[in-house]
Amino acid sequence: MSDKPLPAVPYLKIPSDGEPYLQGSRCGECGAVFLGERDNCSKCGARGGLATEKLAERGELYSYCVVHRSFPGIDVPYISAIVDLEGGGTVKGNLVGVAPDPAKIDFGMPVRVVFRDALGRKDQDGNSYLAYFFEPA
Amino acid sequence: MTDAYVVGVDMIKFGRFPEKTVPQLGSQAALLALDDSGLTIHDMQALYCGNLGQASGMVGQRILQEIGQTGIPVVNVSNACATGATAFREAWTAVKADLYDLVLAVGVEQMGRGLLGGGGGGRGISKEGLLGSGTMPSVFAEAGMEHSRMHGTTFEQFAKVSVKNHHHSTMNPKAMYQIETPLETVMNAEMISYPNTKLMCSVNVDGSAAAVIASEKKARELGLMDRAVKVRASVLTSDPWQERDLVMPDVNSCTRKAAAAAYEMAGLGPDDVDLVELHDCFATAEILHYENLGLCKDGGAGQLIDDGEVALGGRVPVNVSGGLLSKGHPLGATGIANIYEVSTHLRGEAGKRQVEGARIGMTHVIGLGSACGIHILEKAA
(Lines give C-alpha, C1' and ligand atoms only; values in the text may rest on other atoms or scores of the structure.)
Protein backbone atom coordinates (compact mmCIF):
# COMPACT_ATOMS: atom_id res chain seq x y z
CA MET A 1 0.00 0.00 0.00
CA SER A 2 1.23 3.45 -0.92
CA ASP A 3 1.75 5.88 1.98
CA LYS A 4 0.72 8.76 -0.29
CA PRO A 5 -2.49 9.11 -2.29
CA LEU A 6 -2.38 7.84 -5.87
CA PRO A 7 -3.76 9.84 -8.81
CA ALA A 8 -7.37 8.93 -9.67
CA VAL A 9 -6.57 9.20 -13.41
CA PRO A 10 -3.25 9.05 -15.28
CA TYR A 11 -3.46 12.68 -16.43
CA LEU A 12 -3.50 13.91 -12.82
CA LYS A 13 0.16 14.33 -11.87
CA ILE A 14 1.43 14.48 -8.28
CA PRO A 15 5.04 15.73 -8.28
CA SER A 16 7.08 14.72 -5.22
CA ASP A 17 8.17 18.33 -4.75
CA GLY A 18 5.21 20.42 -5.90
CA GLU A 19 1.49 20.88 -6.25
CA PRO A 20 -0.67 18.43 -8.19
CA TYR A 21 -1.75 19.43 -11.69
CA LEU A 22 -3.59 18.15 -14.76
CA GLN A 23 -1.33 17.17 -17.61
CA GLY A 24 -2.07 17.66 -21.27
CA SER A 25 -0.14 17.28 -24.46
CA ARG A 26 -0.15 19.63 -27.39
CA CYS A 27 0.47 18.70 -31.01
CA GLY A 28 3.49 20.53 -32.44
CA GLU A 29 1.89 20.48 -35.90
CA CYS A 30 -1.72 21.60 -35.40
CA GLY A 31 -1.89 22.68 -31.75
CA ALA A 32 -4.61 20.23 -30.70
CA VAL A 33 -4.63 19.59 -26.94
CA PHE A 34 -5.20 16.16 -25.42
CA LEU A 35 -5.41 14.90 -21.84
CA GLY A 36 -2.34 13.04 -20.60
CA GLU A 37 0.50 11.75 -22.71
CA ARG A 38 0.10 10.37 -26.20
CA ASP A 39 2.21 9.33 -29.17
CA ASN A 40 0.35 10.67 -32.18
CA CYS A 41 -2.17 13.38 -33.00
CA SER A 42 -5.67 12.21 -33.91
CA LYS A 43 -6.64 15.63 -35.25
CA CYS A 44 -4.01 16.02 -37.97
CA GLY A 45 -2.38 12.59 -37.94
CA ALA A 46 1.08 13.91 -37.01
CA ARG A 47 3.37 11.21 -35.71
CA GLY A 48 5.13 12.23 -32.54
CA GLY A 49 5.93 15.82 -31.75
CA LEU A 50 3.39 16.10 -28.94
CA ALA A 51 4.83 17.96 -25.94
CA THR A 52 3.38 17.57 -22.46
CA GLU A 53 2.36 20.65 -20.50
CA LYS A 54 0.59 21.69 -17.33
CA LEU A 55 -3.04 22.48 -18.07
CA ALA A 56 -4.55 25.65 -16.63
CA GLU A 57 -6.34 25.60 -13.28
CA ARG A 58 -8.97 28.03 -14.50
CA GLY A 59 -11.63 27.52 -17.09
CA GLU A 60 -15.28 27.92 -17.86
CA LEU A 61 -18.31 25.66 -17.73
CA TYR A 62 -19.14 24.44 -21.23
CA SER A 63 -21.97 21.97 -20.53
CA TYR A 64 -23.29 19.87 -17.65
CA CYS A 65 -26.04 17.66 -16.37
CA VAL A 66 -27.44 17.10 -12.90
CA VAL A 67 -27.22 13.42 -11.98
CA HIS A 68 -30.09 12.15 -9.83
CA ARG A 69 -29.81 8.41 -10.47
CA SER A 70 -26.51 6.58 -10.34
CA PHE A 71 -25.15 3.26 -9.19
CA PRO A 72 -25.59 2.07 -5.59
CA GLY A 73 -23.28 3.83 -3.13
CA ILE A 74 -22.82 6.98 -5.22
CA ASP A 75 -24.16 10.14 -3.61
CA VAL A 76 -26.73 12.03 -5.69
CA PRO A 77 -27.63 14.61 -6.80
CA TYR A 78 -24.40 16.03 -8.17
CA ILE A 79 -23.34 18.11 -11.15
CA SER A 80 -21.38 16.37 -13.91
CA ALA A 81 -19.56 19.26 -15.58
CA ILE A 82 -17.63 19.70 -18.81
CA VAL A 83 -15.08 22.47 -18.47
CA ASP A 84 -12.97 24.17 -21.12
CA LEU A 85 -9.63 25.10 -19.55
CA GLU A 86 -7.92 28.39 -20.36
CA GLY A 87 -5.31 27.82 -23.02
CA GLY A 88 -6.80 24.51 -24.20
CA GLY A 89 -7.99 21.14 -22.97
CA THR A 90 -11.48 20.04 -21.93
CA VAL A 91 -12.07 17.96 -18.81
CA LYS A 92 -15.06 16.37 -17.13
CA GLY A 93 -15.56 16.35 -13.39
CA ASN A 94 -17.89 17.13 -10.51
CA LEU A 95 -18.82 20.79 -10.05
CA VAL A 96 -18.98 21.44 -6.29
CA GLY A 97 -19.88 24.53 -4.29
CA VAL A 98 -22.97 25.16 -6.43
CA ALA A 99 -26.47 23.85 -5.71
CA PRO A 100 -27.34 20.97 -8.09
CA ASP A 101 -30.15 23.06 -9.57
CA PRO A 102 -30.16 24.16 -13.23
CA ALA A 103 -31.47 27.58 -12.13
CA LYS A 104 -28.23 28.12 -10.18
CA ILE A 105 -25.85 26.96 -12.91
CA ASP A 106 -24.74 29.28 -15.70
CA PHE A 107 -23.13 28.23 -18.96
CA GLY A 108 -19.77 29.90 -19.24
CA MET A 109 -19.41 30.44 -15.51
CA PRO A 110 -15.76 30.70 -14.47
CA VAL A 111 -14.45 27.76 -12.45
CA ARG A 112 -11.16 26.66 -10.97
CA VAL A 113 -9.71 23.19 -10.61
CA VAL A 114 -9.12 22.01 -7.04
CA PHE A 115 -7.41 18.82 -5.91
CA ARG A 116 -8.90 16.78 -3.05
CA ASP A 117 -9.22 13.28 -1.71
CA ALA A 118 -11.35 11.06 -3.97
CA LEU A 119 -14.46 11.13 -1.75
CA GLY A 120 -12.91 8.52 0.55
CA ARG A 121 -12.81 5.89 -2.20
CA LYS A 122 -10.06 3.30 -1.82
CA ASP A 123 -8.96 0.46 -4.07
CA GLN A 124 -8.90 -3.18 -2.98
CA ASP A 125 -5.39 -2.76 -1.59
CA GLY A 126 -6.56 0.10 0.65
CA ASN A 127 -4.82 2.86 -1.30
CA SER A 128 -6.24 6.39 -1.11
CA TYR A 129 -6.62 8.52 -4.22
CA LEU A 130 -6.36 12.16 -5.14
CA ALA A 131 -9.01 13.53 -7.53
CA TYR A 132 -9.87 16.91 -9.01
CA PHE A 133 -13.06 18.93 -8.75
CA PHE A 134 -14.37 22.22 -10.13
CA GLU A 135 -15.41 25.14 -7.93
CA PRO A 136 -16.90 28.50 -8.92
CA ALA A 137 -13.99 30.94 -9.36
CA MET B 1 -23.18 -1.80 -60.05
CA THR B 2 -26.50 -3.48 -59.32
CA ASP B 3 -29.15 -1.87 -57.17
CA ALA B 4 -29.99 -3.65 -53.94
CA TYR B 5 -33.53 -4.19 -52.65
CA VAL B 6 -35.06 -5.22 -49.38
CA VAL B 7 -37.38 -8.06 -50.42
CA GLY B 8 -38.24 -9.33 -46.95
CA VAL B 9 -38.12 -7.59 -43.59
CA ASP B 10 -39.67 -8.06 -40.16
CA MET B 11 -39.11 -7.80 -36.42
CA ILE B 12 -40.45 -9.55 -33.37
CA LYS B 13 -42.53 -7.57 -30.89
CA PHE B 14 -39.95 -6.08 -28.54
CA GLY B 15 -40.23 -7.19 -24.91
CA ARG B 16 -38.44 -9.14 -22.19
CA PHE B 17 -37.75 -12.76 -23.01
CA PRO B 18 -35.32 -14.11 -20.40
CA GLU B 19 -36.41 -17.68 -21.17
CA LYS B 20 -35.10 -17.41 -24.74
CA THR B 21 -31.47 -17.57 -25.91
CA VAL B 22 -29.98 -14.88 -28.14
CA PRO B 23 -29.84 -17.26 -31.16
CA GLN B 24 -33.48 -18.22 -30.56
CA LEU B 25 -34.53 -14.57 -30.60
CA GLY B 26 -32.48 -13.94 -33.74
CA SER B 27 -33.97 -17.00 -35.41
CA GLN B 28 -37.50 -15.72 -34.87
CA ALA B 29 -36.81 -12.52 -36.80
CA ALA B 30 -34.81 -14.37 -39.47
CA LEU B 31 -37.74 -16.71 -40.15
CA LEU B 32 -40.23 -13.83 -40.17
CA ALA B 33 -38.14 -11.93 -42.74
CA LEU B 34 -37.69 -15.05 -44.87
CA ASP B 35 -41.44 -15.66 -44.76
CA ASP B 36 -42.04 -12.03 -45.72
CA SER B 37 -39.94 -12.60 -48.84
CA GLY B 38 -41.39 -16.04 -49.56
CA LEU B 39 -37.87 -17.50 -49.56
CA THR B 40 -36.10 -19.98 -47.27
CA ILE B 41 -32.72 -20.21 -45.61
CA HIS B 42 -31.66 -22.45 -48.51
CA ASP B 43 -31.92 -19.45 -50.83
CA MET B 44 -29.57 -17.30 -48.72
CA GLN B 45 -25.95 -17.02 -49.86
CA ALA B 46 -24.56 -15.26 -46.78
CA LEU B 47 -25.61 -14.12 -43.31
CA TYR B 48 -24.59 -10.88 -41.59
CA CYS B 49 -25.45 -10.95 -37.91
CA GLY B 50 -25.36 -8.00 -35.52
CA ASN B 51 -25.17 -8.50 -31.76
CA LEU B 52 -23.30 -6.74 -28.96
CA GLY B 53 -23.86 -8.72 -25.76
CA GLN B 54 -22.33 -11.91 -27.12
CA ALA B 55 -20.00 -10.29 -29.64
CA SER B 56 -17.48 -13.12 -29.32
CA GLY B 57 -20.15 -15.82 -29.25
CA MET B 58 -20.65 -16.63 -32.95
CA VAL B 59 -24.32 -15.66 -32.76
CA GLY B 60 -24.83 -15.83 -36.54
CA GLN B 61 -23.66 -19.42 -36.75
CA ARG B 62 -25.82 -20.32 -33.75
CA ILE B 63 -28.84 -18.81 -35.55
CA LEU B 64 -28.13 -21.14 -38.48
CA GLN B 65 -27.87 -24.00 -35.98
CA GLU B 66 -31.50 -23.14 -35.09
CA ILE B 67 -32.91 -22.70 -38.60
CA GLY B 68 -30.67 -24.47 -41.11
CA GLN B 69 -26.92 -25.07 -41.31
CA THR B 70 -26.39 -24.57 -45.02
CA GLY B 71 -22.68 -23.81 -44.79
CA ILE B 72 -22.95 -20.23 -46.07
CA PRO B 73 -20.45 -17.57 -44.96
CA VAL B 74 -21.41 -15.84 -41.73
CA VAL B 75 -20.06 -12.48 -40.57
CA ASN B 76 -20.69 -11.44 -36.97
CA VAL B 77 -20.81 -7.69 -36.50
CA SER B 78 -20.42 -5.49 -33.42
CA ASN B 79 -20.50 -1.67 -33.65
CA ALA B 80 -22.20 -0.38 -30.47
CA CYS B 81 -25.75 0.86 -31.13
CA ALA B 82 -24.99 1.00 -34.85
CA THR B 83 -24.51 -2.79 -34.86
CA GLY B 84 -27.75 -3.67 -36.68
CA ALA B 85 -27.30 -0.97 -39.29
CA THR B 86 -23.71 -2.09 -39.82
CA ALA B 87 -24.78 -5.71 -40.35
CA PHE B 88 -27.40 -4.54 -42.84
CA ARG B 89 -24.81 -2.39 -44.60
CA GLU B 90 -22.32 -5.26 -44.84
CA ALA B 91 -25.07 -7.34 -46.46
CA TRP B 92 -25.89 -4.48 -48.84
CA THR B 93 -22.20 -4.05 -49.70
CA ALA B 94 -21.89 -7.71 -50.70
CA VAL B 95 -24.91 -7.47 -53.02
CA LYS B 96 -23.69 -4.18 -54.51
CA ALA B 97 -20.32 -5.81 -55.16
CA ASP B 98 -22.06 -8.62 -57.07
CA LEU B 99 -20.70 -11.22 -54.68
CA TYR B 100 -24.16 -12.52 -53.89
CA ASP B 101 -27.75 -12.11 -55.12
CA LEU B 102 -29.58 -12.98 -51.90
CA VAL B 103 -28.34 -12.34 -48.38
CA LEU B 104 -29.81 -12.21 -44.90
CA ALA B 105 -29.08 -9.59 -42.23
CA VAL B 106 -30.15 -10.17 -38.63
CA GLY B 107 -29.85 -7.93 -35.57
CA VAL B 108 -30.56 -9.33 -32.12
CA GLU B 109 -30.06 -8.32 -28.50
CA GLN B 110 -30.97 -9.54 -25.05
CA MET B 111 -30.63 -6.73 -22.51
CA GLY B 112 -30.37 -6.36 -18.77
CA ARG B 113 -32.15 -3.57 -16.96
CA GLY B 114 -30.81 -0.32 -15.55
CA LEU B 115 -28.21 2.26 -16.47
CA LEU B 116 -25.83 1.67 -19.33
CA GLY B 117 -22.30 3.03 -19.31
CA GLY B 118 -20.38 4.53 -16.43
CA GLY B 119 -18.98 1.17 -15.38
CA GLY B 120 -15.43 2.35 -15.78
CA GLY B 121 -13.23 -0.69 -15.60
CA GLY B 122 -9.49 -0.90 -15.29
CA ARG B 123 -7.57 -0.64 -12.06
CA GLY B 124 -7.93 1.79 -9.22
CA ILE B 125 -11.26 3.22 -8.10
CA SER B 126 -14.57 3.88 -9.82
CA LYS B 127 -14.69 7.34 -11.41
CA GLU B 128 -18.47 7.46 -11.62
CA GLY B 129 -19.78 10.29 -9.46
CA LEU B 130 -16.19 11.33 -8.73
CA LEU B 131 -15.10 12.78 -12.07
CA GLY B 132 -18.57 13.54 -13.38
CA SER B 133 -20.78 10.86 -14.88
CA GLY B 134 -20.26 8.45 -17.75
CA THR B 135 -23.72 6.89 -17.76
CA MET B 136 -25.59 7.10 -21.04
CA PRO B 137 -28.41 9.29 -19.61
CA SER B 138 -25.73 11.74 -18.38
CA VAL B 139 -23.71 11.75 -21.57
CA PHE B 140 -26.81 12.53 -23.64
CA ALA B 141 -28.04 15.04 -21.05
CA GLU B 142 -24.74 16.91 -21.45
CA ALA B 143 -25.12 16.80 -25.23
CA GLY B 144 -28.65 18.18 -24.84
CA MET B 145 -27.46 20.95 -22.52
CA GLU B 146 -24.89 21.92 -25.13
CA HIS B 147 -27.86 22.46 -27.47
CA SER B 148 -29.60 24.48 -24.75
CA ARG B 149 -26.49 26.61 -24.41
CA MET B 150 -26.36 27.31 -28.15
CA HIS B 151 -30.05 27.64 -28.93
CA GLY B 152 -31.97 28.06 -25.68
CA THR B 153 -33.70 24.68 -25.96
CA THR B 154 -35.87 24.04 -22.89
CA PHE B 155 -36.54 21.05 -20.65
CA GLU B 156 -40.14 21.19 -21.89
CA GLN B 157 -39.09 20.97 -25.54
CA PHE B 158 -36.92 17.93 -24.81
CA ALA B 159 -39.83 16.37 -22.91
CA LYS B 160 -42.20 16.91 -25.85
CA VAL B 161 -40.11 14.44 -27.88
CA SER B 162 -41.01 11.75 -25.41
CA VAL B 163 -44.71 12.68 -25.42
CA LYS B 164 -44.72 12.40 -29.22
CA ASN B 165 -42.87 9.08 -29.47
CA HIS B 166 -44.92 7.44 -26.72
CA HIS B 167 -48.06 8.62 -28.53
CA HIS B 168 -46.81 7.10 -31.80
CA SER B 169 -46.14 3.78 -30.10
CA THR B 170 -49.82 3.42 -29.11
CA MET B 171 -50.37 2.64 -32.81
CA ASN B 172 -47.52 0.11 -33.08
CA PRO B 173 -48.40 -3.38 -31.85
CA LYS B 174 -44.71 -4.39 -32.03
CA ALA B 175 -43.58 -1.65 -29.62
CA MET B 176 -42.64 -2.60 -26.06
CA TYR B 177 -45.10 -0.03 -24.66
CA GLN B 178 -48.39 1.38 -25.97
CA ILE B 179 -48.98 4.05 -23.34
CA GLU B 180 -49.80 7.75 -23.68
CA THR B 181 -47.51 9.91 -21.56
CA PRO B 182 -48.78 13.50 -21.30
CA LEU B 183 -46.26 16.32 -20.90
CA GLU B 184 -46.74 16.63 -17.12
CA THR B 185 -46.20 12.89 -16.73
CA VAL B 186 -42.95 13.01 -18.69
CA MET B 187 -41.64 16.11 -16.89
CA ASN B 188 -42.62 14.83 -13.44
CA ALA B 189 -41.23 11.32 -13.92
CA GLU B 190 -38.17 10.40 -11.87
CA MET B 191 -35.27 12.63 -12.86
CA ILE B 192 -32.35 10.47 -14.01
CA SER B 193 -29.87 13.04 -15.37
CA TYR B 194 -31.31 16.51 -15.89
CA PRO B 195 -32.83 17.19 -18.37
CA ASN B 196 -33.61 13.50 -19.02
CA THR B 197 -36.34 12.00 -16.82
CA LYS B 198 -36.98 8.27 -16.77
CA LEU B 199 -39.60 8.60 -19.54
CA MET B 200 -37.03 10.40 -21.68
CA CYS B 201 -34.64 7.41 -21.63
CA SER B 202 -34.92 4.56 -24.11
CA VAL B 203 -36.26 1.25 -22.87
CA ASN B 204 -33.86 -1.67 -22.42
CA VAL B 205 -35.66 -4.56 -24.09
CA ASP B 206 -34.94 -7.83 -25.85
CA GLY B 207 -35.62 -7.92 -29.55
CA SER B 208 -34.61 -8.94 -33.02
CA ALA B 209 -35.17 -7.82 -36.59
CA ALA B 210 -34.07 -9.18 -39.95
CA ALA B 211 -33.98 -8.29 -43.63
CA VAL B 212 -33.49 -10.19 -46.86
CA ILE B 213 -31.57 -8.16 -49.45
CA ALA B 214 -31.61 -9.06 -53.15
CA SER B 215 -29.88 -7.81 -56.27
CA GLU B 216 -32.22 -6.17 -58.80
CA LYS B 217 -31.81 -9.05 -61.22
CA LYS B 218 -32.73 -11.63 -58.60
CA ALA B 219 -35.64 -9.60 -57.22
CA ARG B 220 -37.10 -9.32 -60.73
CA GLU B 221 -36.41 -12.97 -61.54
CA LEU B 222 -38.25 -14.06 -58.39
CA GLY B 223 -41.15 -11.65 -59.00
CA LEU B 224 -40.52 -9.82 -55.73
CA MET B 225 -40.52 -6.23 -56.99
CA ASP B 226 -44.12 -5.50 -55.93
CA ARG B 227 -43.25 -5.05 -52.26
CA ALA B 228 -39.53 -4.45 -52.74
CA VAL B 229 -37.85 -1.45 -51.15
CA LYS B 230 -34.85 0.06 -52.90
CA VAL B 231 -31.79 0.98 -50.84
CA ARG B 232 -31.02 4.42 -52.26
CA ALA B 233 -28.16 5.13 -49.85
CA SER B 234 -26.17 3.28 -47.22
CA VAL B 235 -23.57 5.21 -45.27
CA LEU B 236 -21.41 4.50 -42.24
CA THR B 237 -19.14 7.06 -40.57
CA SER B 238 -16.94 7.24 -37.50
CA ASP B 239 -16.48 10.36 -35.42
CA PRO B 240 -14.23 13.02 -36.92
CA TRP B 241 -11.92 14.77 -34.44
CA GLN B 242 -13.59 17.37 -32.21
CA GLU B 243 -11.90 19.37 -29.50
CA ARG B 244 -14.05 17.99 -26.65
CA ASP B 245 -14.00 14.40 -27.94
CA LEU B 246 -12.18 12.86 -25.04
CA VAL B 247 -14.74 13.88 -22.44
CA MET B 248 -17.81 14.47 -24.55
CA PRO B 249 -18.65 11.78 -27.10
CA ASP B 250 -19.75 13.60 -30.22
CA VAL B 251 -22.89 12.32 -31.91
CA ASN B 252 -23.33 15.40 -34.07
CA SER B 253 -20.43 15.56 -36.49
CA CYS B 254 -20.55 11.86 -37.45
CA THR B 255 -24.29 12.24 -38.13
CA ARG B 256 -23.83 15.38 -40.22
CA LYS B 257 -21.08 13.72 -42.21
CA ALA B 258 -23.21 10.61 -42.78
CA ALA B 259 -26.32 12.61 -43.71
CA ALA B 260 -24.44 14.69 -46.29
CA ALA B 261 -22.99 11.54 -47.84
CA ALA B 262 -26.36 9.75 -47.83
CA TYR B 263 -28.21 12.63 -49.49
CA GLU B 264 -25.49 12.80 -52.12
CA MET B 265 -25.56 9.05 -52.75
CA ALA B 266 -29.35 9.07 -53.07
CA GLY B 267 -29.34 12.21 -55.17
CA LEU B 268 -31.94 13.95 -53.02
CA GLY B 269 -32.25 16.26 -50.03
CA PRO B 270 -33.99 16.49 -46.67
CA ASP B 271 -37.12 18.02 -48.27
CA ASP B 272 -37.63 14.80 -50.23
CA VAL B 273 -37.81 12.63 -47.11
CA ASP B 274 -41.33 11.60 -46.03
CA LEU B 275 -40.46 9.95 -42.72
CA VAL B 276 -37.44 9.38 -40.49
CA GLU B 277 -36.59 6.79 -37.88
CA LEU B 278 -33.72 8.37 -35.95
CA HIS B 279 -31.70 7.47 -32.87
CA ASP B 280 -33.77 8.77 -29.96
CA CYS B 281 -31.81 6.85 -27.33
CA PHE B 282 -32.70 9.83 -25.11
CA ALA B 283 -35.19 12.61 -25.74
CA THR B 284 -32.32 15.12 -25.83
CA ALA B 285 -30.67 13.20 -28.67
CA GLU B 286 -33.69 13.42 -30.98
CA ILE B 287 -33.62 17.23 -30.83
CA LEU B 288 -29.96 17.29 -31.93
CA HIS B 289 -30.61 15.01 -34.86
CA TYR B 290 -33.41 17.15 -36.37
CA GLU B 291 -30.66 19.61 -37.19
CA ASN B 292 -27.93 17.04 -37.85
CA LEU B 293 -30.11 15.37 -40.50
CA GLY B 294 -31.12 18.70 -42.03
CA LEU B 295 -34.82 18.39 -41.14
CA CYS B 296 -34.64 22.01 -40.00
CA LYS B 297 -32.05 24.75 -39.91
CA ASP B 298 -29.54 24.90 -37.05
CA GLY B 299 -31.28 26.25 -33.98
CA GLY B 300 -34.73 25.34 -35.34
CA ALA B 301 -35.19 22.02 -33.53
CA GLY B 302 -37.12 23.43 -30.57
CA GLN B 303 -39.57 25.14 -32.90
CA LEU B 304 -39.91 21.96 -34.97
CA ILE B 305 -41.12 19.93 -31.99
CA ASP B 306 -43.27 22.83 -30.71
CA ASP B 307 -45.02 23.09 -34.09
CA GLY B 308 -45.73 19.36 -34.35
CA GLU B 309 -43.98 19.08 -37.71
CA VAL B 310 -42.25 15.86 -36.63
CA ALA B 311 -45.43 14.19 -35.34
CA LEU B 312 -47.56 11.82 -37.42
CA GLY B 313 -49.54 14.07 -39.76
CA GLY B 314 -46.79 16.73 -39.70
CA ARG B 315 -44.36 17.77 -42.41
CA VAL B 316 -41.79 15.06 -41.70
CA PRO B 317 -42.92 12.53 -39.10
CA VAL B 318 -40.06 11.24 -36.93
CA ASN B 319 -40.11 7.94 -35.06
CA VAL B 320 -43.69 6.97 -35.85
CA SER B 321 -42.76 3.49 -34.57
CA GLY B 322 -42.52 4.94 -31.06
CA GLY B 323 -38.77 5.17 -31.38
CA LEU B 324 -36.22 3.80 -28.98
CA LEU B 325 -38.03 5.69 -26.23
CA SER B 326 -41.15 3.53 -26.38
CA LYS B 327 -40.74 0.81 -29.01
CA GLY B 328 -37.55 -0.09 -27.13
CA HIS B 329 -33.85 -0.27 -27.87
CA PRO B 330 -32.38 -3.78 -28.16
CA LEU B 331 -28.98 -2.42 -29.19
CA GLY B 332 -27.97 -4.84 -31.95
CA ALA B 333 -31.49 -5.11 -33.38
CA THR B 334 -32.36 -1.42 -33.51
CA GLY B 335 -30.76 -0.59 -36.86
CA ILE B 336 -32.68 -3.29 -38.71
CA ALA B 337 -35.91 -2.62 -36.80
CA ASN B 338 -35.69 0.94 -38.20
CA ILE B 339 -35.43 -0.48 -41.69
CA TYR B 340 -38.49 -2.62 -41.01
CA GLU B 341 -40.44 0.43 -39.86
CA VAL B 342 -39.58 2.62 -42.84
CA SER B 343 -40.10 -0.25 -45.31
CA THR B 344 -43.52 -0.94 -43.80
CA HIS B 345 -44.60 2.65 -44.48
CA LEU B 346 -43.18 2.63 -48.00
CA ARG B 347 -45.19 -0.52 -48.65
CA GLY B 348 -48.31 1.17 -47.25
CA GLU B 349 -48.72 -1.54 -44.62
CA ALA B 350 -48.27 0.46 -41.39
CA GLY B 351 -51.92 0.50 -40.35
CA LYS B 352 -53.04 3.28 -38.00
CA ARG B 353 -49.62 4.93 -37.92
CA GLN B 354 -49.19 4.91 -41.72
CA VAL B 355 -47.48 8.03 -43.08
CA GLU B 356 -49.77 8.72 -46.03
CA GLY B 357 -48.13 8.65 -49.43
CA ALA B 358 -44.67 7.85 -48.03
CA ARG B 359 -42.23 7.35 -50.90
CA ILE B 360 -38.81 8.08 -49.36
CA GLY B 361 -37.73 7.25 -45.82
CA MET B 362 -34.55 7.58 -43.79
CA THR B 363 -33.11 5.52 -40.94
CA HIS B 364 -30.38 6.72 -38.58
CA VAL B 365 -28.50 5.13 -35.69
CA ILE B 366 -25.59 6.19 -33.54
CA GLY B 367 -23.22 3.85 -31.78
CA LEU B 368 -21.42 5.78 -29.11
CA GLY B 369 -17.69 5.72 -29.52
CA SER B 370 -18.76 6.55 -32.31
CA ALA B 371 -20.41 5.10 -35.40
CA CYS B 372 -23.25 6.56 -37.43
CA GLY B 373 -25.28 4.48 -39.89
CA ILE B 374 -27.78 6.08 -42.26
CA HIS B 375 -29.96 4.42 -44.88
CA ILE B 376 -32.30 6.06 -47.37
CA LEU B 377 -35.02 3.77 -48.69
CA GLU B 378 -37.53 4.13 -51.50
CA LYS B 379 -40.52 2.12 -52.61
CA ALA B 380 -39.51 0.25 -55.75
CA ALA B 381 -41.10 1.71 -58.86
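# Questions on chains A and B

Student: How many of the nine residues of β11(B) are buried?
Tutor: A residue counts as buried if 20 or more other C-beta atoms lie within 10 Å of its own, as exposed if 12 or fewer do, and as partly exposed in between, with the C-beta atoms placed from the backbone. The element names come from DSSP runs numbered from the N terminus, in which helices are H or I runs of at least four residues and strands are E runs of at least two. Strand β11(B) is largely enclosed by the rest of the structure, because the number of its nine residues that are buried is eight.

Student: What kind of model is this?
Tutor: Residues are numbered from 1 along each chain as its sequence is written, while chains are lettered from A and ligands numbered from 1 in the order in which they are written. Local features need pLDDT of at least 70 and side-chain atom pairs count only at pLDDT 80 or more, whereas totals for chains, interfaces and linings use all residues, since the model is predicted.

Student: Which strand is joined to β11(B) by nine bridges?
Tutor: Two strands are said to pair if DSSP finds at least two bridges between them. On one pairing, β10(B) and β11(B) run antiparallel with eight bridges, and I360(B) stands opposite E378(B) there. In another antiparallel pairing, S234(B) has H375(B) of β11(B) as its bridge partner, and the strand that supplies the nine bridges, residues 229-238 of chain B, is β8.

Student: Which residue is joined to G369(B) by a cis peptide bond?
Tutor: The hairpin of β10(B) and β11(B) has three residues between its strands, and G369(B) in that hairpin takes a positive phi near 140 degrees. The partner lies in the loop between β10 (360-367) and β11 (371-379) of chain B. With omega about 0 degrees, the cis bond joins G369(B) to S370(B).

Student: What is the omega of the bond between Y194(B) and P195(B)?
Tutor: Most peptide bonds are trans. P195(B) is in the loop between β5 and β6 (196-197) of chain B. Its bond to Y194(B) is cis, with an omega of about 10 degrees.

Student: How many of the 16 residues of α1(B) are buried?
Tutor: Helix α1 (residues 22-37) of chain B reaches 23 Å from its first C-alpha to its last, close to the 22 Å expected at 1.5 Å a residue, where the expected span is 1.5 Å times one less than the number of residues. The elements that cover its buried residues include β1 (4-11), β2, α2, β4 (102-109) and β7 (207-215) of chain B. Leu25, Ala29 and Ala33 are among the buried residues of α1(B). The helix is mostly covered, and its buried residues number twelve.

Student: What is the angle at which α3(B) and α12(B) pack?
Tutor: Residues are in contact if their C-beta atoms, placed from the backbone, lie within 7 Å, and F88(B) is among the residues of α3(B) that meet α12(B), where I339(B) is among the partners. Axes are lines fitted to C-alpha atoms, for helices over the stretch in contact, with angles from 0 to 180 degrees between N-to-C directions. Angles under 35 degrees count as roughly parallel, over 145 as roughly antiparallel, 65 to 115 as roughly perpendicular and the rest as oblique, and α3(B) and α12(B) are therefore oblique. Their axes lie 5 Å apart, and the packing angle is about 60 degrees.

Student: Which element gives the most to the side of chain B that touches chain A?
Tutor: The contact takes 30 residues from chain B and 35 from chain A. Two elements of chain B, α4 (136-151) and β5 (191-194), give two or more residues to its side. With six residues, the element that gives the most is α4(B).

Student: Which residue of β5(B) stands opposite V67(A)?
Tutor: Strand β6 (residues 58-67) of chain A pairs with β5(B) in the antiparallel sense over two bridges. Opposite V67(A) in β5(B) stands S193(B).

Student: What percentage of the residues of chain A count as buried?
Tutor: Chain A has zero helices and ten strands, and its C-alpha trace spans about 40 × 40 × 30 Å along the principal axes. In strand β9 (residues 110-122) of chain A, L119(A) counts as partly exposed because it has 15 C-beta neighbours inside 10 Å. Of the 137 residues of chain A, the share that counts as buried is 34%.

Technical notes: Contact = placed C-beta atoms within 7 Å.
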